[in-house]
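Please look over the sequence and the model before reading on. The paragraphs that follow go through one part after another.

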Amino acid sequence: MKDGILRVWDINREKIIQSAATDSQICSLLWLPKTSEVMTGQGLPGNQMKIWKYPVLTNSSELYGKYFSHKGRVLHIALSPDQSRLFSVAADGIACLWKCSESGES
């Protein structure tokens with residue numbers, strides 16, 4: 001891993017306005033409009049998905065299944081149009097469908 005830094009840029013001024021160390025490869029990125037958060041699909045060492053509060057970029061949660069999590073880097077994440085489900089595909093050849101829940105629910 002060379003970098004592992006999540007950065008938010010002001011592209012008009014070509015300046016970084018916020019950054020956070022993810023301690024992992026960032027393989028995919030998704031904006032979560034309902035909560036104004038950013039989700040990262042990550043590779044080594046954890047092969048997980050993390051949610052980051054915007055604009056401060058603090059890690060608010062990590063996604064793991066109750067019985068399953070990806071064994072390879074998360075290459076793609078997508079949000080359903082009604083924002084009730086997430087879809088992830090990883091290098092382990094597994095695709096997962098995740099149910100989104102309100103804060104505090106499991």
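**A walk through the chain**

In this predicted model, Pro 55 sits in the loop that links strand 5 to strand 6. The peptide bond leading into this proline, from Tyr 54 to Pro 55, is cis, with an omega near 10°. The strands on either side of the loop, strand 5 (residues 49-53) and strand 6 (residues 58-63), pair in the antiparallel sense over five bridges, and Trp 52 has Asn 59 of strand 6 as its bridge partner. Strand 5 and strand 6 form a hairpin with four residues between them, and in its turn Leu 57 has a positive phi of about 60°.

A second cis peptide bond is found between Leu 44 and Pro 45, where omega is about 5°. Pro 45 belongs to the loop between strand 4 (37-42) and strand 5, and Asn 47 lies in the loop between strand 4 and strand 5 as well. The backbone at Asn 47 has a phi near 50°, which is a positive value in a residue other than glycine. Most residues other than glycine have a negative phi, and most peptide bonds are trans. Is Asn 47 buried or exposed? Asn 47 counts as buried, because its relative accessibility is 10% and the limit for a buried residue is under 20%.

Another positive phi in a residue that is not a glycine, of about 60°, occurs at Gln 83, which is found in the loop between strand 7 (74-79) and strand 8. Gln 83 has a relative accessible area of 22% and is therefore partly exposed.

Beyond that loop, strand 8 (residues 85-90) pairs with strand 9 in the antiparallel sense over five bridges, and one of the pairings sets Phe 87 against Leu 97 of strand 9. Four residues lie between the strands in the hairpin of strand 8 and strand 9, and Gly 93 there takes a positive phi near 85°. In a regular strand the side chains alternate between the two faces of the sheet. Strand 9 (residues 95-99) has a covered face with Cys 96 and Trp 98, while Ala 95, Leu 97 and Lys 99 make up its uncovered face.

Earlier in the sequence, Ala 21 has its place in strand 2 (residues 15-21). Its relative accessibility is 48%, so Ala 21 counts as partly exposed. Which residues does Ala 21 touch, not counting those up to four places away in sequence? They are Gly 4, Ile 5 and Trp 52, and Trp 52 is also the bridge partner of Asn 59 in strand 6. Ala 21 and Pro 81, by contrast, are 60 residues apart in sequence and 30 Å apart in space, taken from C-alpha to C-alpha.

The description can now turn to the chain as a whole. The secondary structure of the protein chain comes to zero helices and nine strands. The radius of gyration is 14 Å, which agrees with the value near 13 Å that a compact globule of 106 residues would have, and the C-alpha atoms fill a box of roughly 45 × 30 × 20 Å along the principal axes. Of the 106 residues, 33% count as buried, and the accessible surface comes to about 7,000 Å², of which 53% belongs to carbon and sulfur atoms. Among contacts between residues at least 6 apart in sequence, 29% join residues at least 24 apart. Finally, the mean positions of the 12 positive and 10 negative charges are 3 Å apart.

Conventions. Residues are numbered from 1 along each chain as its sequence is written. This is a predicted model: local features need pLDDT of at least 70, side-chain atom pairs count only at pLDDT 80 or more; totals for chains, interfaces and linings use all residues. Side-chain values use heavy atoms; hydrogens and water are left out. Helices (H or I, at least four residues) and strands (E, at least two) are DSSP runs, numbered from the N terminus. The radius of gyration is taken over C-alpha atoms; the globule rule is 2.2 Å times the number of residues to the power 0.38. Buried means under 20% relative accessible area, exposed over 50%, partly exposed in between (1.4 Å probe, protein chains only). Contact means heavy atoms within 4.5 Å. Accessible areas come from the Shrake-Rupley method with a 1.4 Å probe; for residues, only the protein chains shown count as cover. Lys and Arg count as positive and Asp and Glu as negative; His and the chain ends are not counted. The place of a charge is taken as NZ of Lys, CZ of Arg, CG of Asp or CD of Glu. Two strands pair if DSSP finds at least two bridges between them.
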